[in-house]
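Got the model open in your viewer? Let's walk through it one selection at a time.

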Amino acid sequence: MANVKSEQGFDSTVGKATVRSRPRVVLPRRTQTPINSHEFPDLFTHQDTRMSNEPITPLSNSQIEPGSFSEAATASHTLLDNMDTQLDEDSMQTMGQQSRKLIRVIQKLETLNIDATLPSLPKFIVVGDQSAGKSSIVEALCQVQVPRAAGTCTRCPFLITTSATKNGEMWECDVSLQHRYTYEPHLDGPLAPWVEQRQETTHFATVTEKSQLGEILRRAQLALLNPRNDPQRYATVTLENEQTLVGFSPNLVCLSIKGPELPEFAFYDLPGSINVVDDESQQHLVRFVEELVKHFIRQDQTLIMLACASDVDIENSTTFRFIRDCKAVNRCLGVMTKPDLLQPSRMATVRRMLRGEIFGLGRGWFVTKQPDQAQLDAGVTQQDARVLEEQFFKTGPWGSQGFNNFAPQYGIRNLQQVVSDRLRDHILENLDDMIDRVQHRLKAVESELSHFREKDAHPMMTIVNVLESISNDVEKQITGRSTAFRPEYRIVLQKFRDALIAITPDFDASSPEHNAPICIDSDDEYEVNASPTPALSSQPSNKRRAAPTPTSSSKRVKTEAASATALRARFSIAEVKRIRGLYASSILPGHQSHEVTDVIIKTSMQGWITVLDDLLEQIDVQVQEMLTTVLRSHLDRFQRCDLYQRTLEVGLAYLETILDAQKQESRRLLQRELHKPMTFSNIEPHNHATLNELTKKRNIKRLAESWEKAEAKGAKPLSADAKKKALNDDNAIKMLGHDPHKLAVDSLVLPFSYYKIAVGRFVDNVSLLMEFEVLNELQLKLKSALVHGIGAHDPAICDQLLLEDADQERRRQMLLSEHGRLTTAMAELRALPNAAA
């Protein structure tokens, strides 16, 4: 039943051949066209003698006896078990502990739904054109049967993971459906009519008998092809005449297979590439399959296994074109299938491909021989298939001297070893990057979660404590303990005082009767034009002004000077005489009525309303900014609760109420100043200084006018030095004689002196008012205003204030879920022996 002869074998390291004597089982094989020496003389020049000693007579399918394969396999395995069993084991079964851990971690990461963090995990995908033998390779790799049918049978991606069970545990396969896309026929997108969604995985079935797996996988695929139906319906429905809503689906059927001596492996089996469909109205599916396959190929962490039928010209491979289009040749390994159908004329091309001379791929080319459908129907098992495959590559041209150098590229065993080694190395190469990505995302998630709060056990106590901390912080700001608010506030008040001083009334000392010649330049510091005086409003403005726009220092100085010029009252001698004339009938000659003094004083103060408004606006902005900053700093962790916005609203509204009240009170202070000039301060020192100042200014002007008159009559102009000397010469001034306008000058002394006293008093009063009625009020009563304003005394209201909206709660739950998955991923990655510390 079996012929035993010596054979040349290869160890598990590709490219290293060892020669050993081992019983070889010759099993019946499918009829194929013999390849003889006269067809390929160059291949048979150094023919192996073992091929000529005992030719193999091919059998037709009708000669295959049921059970013959199992008997032969049993005999074969009995003999092989006594030989070098380490070389006979599946190379994936002999991987070291490190490789097992690496692949198991990747399998775990595949299930964690962290695609946003690790969009491309190290993995293998199996691709190929329709009917290229791709499914046979998948079955051989994972020792299961996938759906087979005429035409395209894989209509969605299959994610297959395998792992070895512990001693005594039986074979088992969990089948689940991974929904990464939702069916939306009216929406566009890269995989239209499918739109990406948050990944959801549902369990479909658990299989304990290998013979049942093919049926379950067909049902699982059918569930994905009918996205609007309940998937569980297809776990029991009769499959005959069952229709599908769509031709292909981008969602995944996931197989998690555990069994004795299974390899630790994970890969995707993708639908075969197609160029045409039988129904012309469904031609769009061609493009869909192309986009689906390219979607996986483009991922830079993906290693690719390309299945190509040996009897088809590689130039015609649609999938090979996809790989080149995606610049993924260097990540690709090629597998030629169906070598028994290879025509003799193509053997030279195959040899050049195996050498890497043509159609080069980064991981080279392999050749495998899998059972055909007739052999599978006859009962050929995967174990039988490996024996048959080994025999196939020792016959014909494959075992000849011209081809035996390629023996490490023959068969599933060698293919598994290369795939295993490459996947292991690929994982190790990307391990540190994966750890960095997970760690970075984990920190981002933790940062966002830090802004969410856990549900408070005592909402009222929590809120009252927050309001207490706000009140304490405002107190620190106002009292000036290690804060910038108080120094800045003091500067505002100083500017208020300086602004009032800057608009001190001015005196135009020119004689009304003097007609001065045209003069372009003037050095007289008092020569400024009088401007209209603004009217005083008795009602404050309710309109809240925007904060002033920052300006440069030089520009601000010029602006303030211009503003002061516009607000400053200026009195000429003629104006003073006009005012005195209004009240002349009620006084003795040479005396001044108090009404004249009152009018001049009130006119001098007309600019105060504008200066006061500016002060109140600055205080408004500064205090509001301080309070807003304090509120937000203490409420930051409550941003997603009503407490945040409600407390801000109440706090700022309370401040606005205080400020508006004190604006009115400040206006009343100004009205008091304007109502009746009054002081009990000693004004005489001020009068004396003011009189000297005004008299000096008048004398200077009289001298200048006398020089102008003399020069107008033809006198020689005085030099600048002579004029300067004359200004300080009492005799020169005495020579001017009596000033006819002295009474008008004297009329300004008391009003101008009073202005200086009133400025100091008004600044003090406004400052005290703001300090006591605004800052002190805010410091003492803010907490009470907040408690009553937001309803913090009511437990039910407190519960509502701390509730987050539904969207935010969903976001928090999503982040917590992601945090758990990322933490698991990090633990898995850190546990690997090659992980960076």
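Start with α12 and helix α26 (residues 806-830), which pack at about 150° with their axes 9 Å apart. This is a predicted model, by the way. At that angle, over the 145-degree mark, α12 and α26 are therefore roughly antiparallel to each other. Look at the handedness too: the crossing of α12 and α26 is left-handed.

Now show side chains. On α12, pick out residues including L431, I435, V438, L442 and V445; their partners across on α26 include L815, L816, L822, M826 and L829. Charged groups join in as well, with R441, E446 and E448 on the α12 side and R811, R812, E818 and R830 on the α26 side. By class, this contact splits into 13 nonpolar, three polar and seven charged residues.

Next, the largest nonpolar core: of its 68 residues, select L109, V175, V253 and M305, which touch the most other members. Helix α12 (residues 411-449) turns up again here, giving the most to this core with 13 residues. Zoom in on V253: among the residues it touches are F158, L159, V175, L177, L217 and L224. Apart from that core lies another, of 65 residues, with Y489, M605, I609 and F638 among them.

Y489 leads to the last stop, since you can find it in α14, where α14 meets α24. Select helix α14 (residues 485-502) and helix α24 (residues 749-790): their axes come within 10 Å and cross at roughly 150°. That makes α14 roughly antiparallel to α24, and this crossing is right-handed. Try L493, F496 and L500 in α14, with Y755, F762 and M770 among the residues in α24. The contact has 13 nonpolar, one polar and three charged residues.

Terms used:
Residues are numbered from 1 along each chain as its sequence is written. This is a predicted model: local features need pLDDT of at least 70, side-chain atom pairs count only at pLDDT 80 or more; totals for chains, interfaces and linings use all residues. Side-chain values use heavy atoms; hydrogens and water are left out. A nonpolar core is a set of buried Ala, Val, Leu, Ile, Met, Phe, Trp, Tyr and Cys residues joined through side-chain atoms within 4.5 Å. Buried means under 20% relative accessible area, exposed over 50%, partly exposed in between (1.4 Å probe, protein chains only). Helices (H or I, at least four residues) and strands (E, at least two) are DSSP runs, numbered from the N terminus. Contact means heavy atoms within 4.5 Å. Axes are lines fitted to C-alpha atoms, for helices over the stretch in contact, and angles run from 0 to 180 degrees between N-to-C directions. Angles under 35 degrees count as roughly parallel, over 145 as roughly antiparallel, 65 to 115 as roughly perpendicular and the rest as oblique. A crossing is left-handed if the near helix is turned anticlockwise from the far one by less than a right angle, and right-handed if clockwise. Ala, Val, Leu, Ile, Met, Phe, Trp, Tyr, Cys and Pro count as nonpolar, Asp, Glu, Lys and Arg as charged, and the others, Gly among them, as polar. Lists of a residue's contacts leave out its neighbours within four places in sequence.
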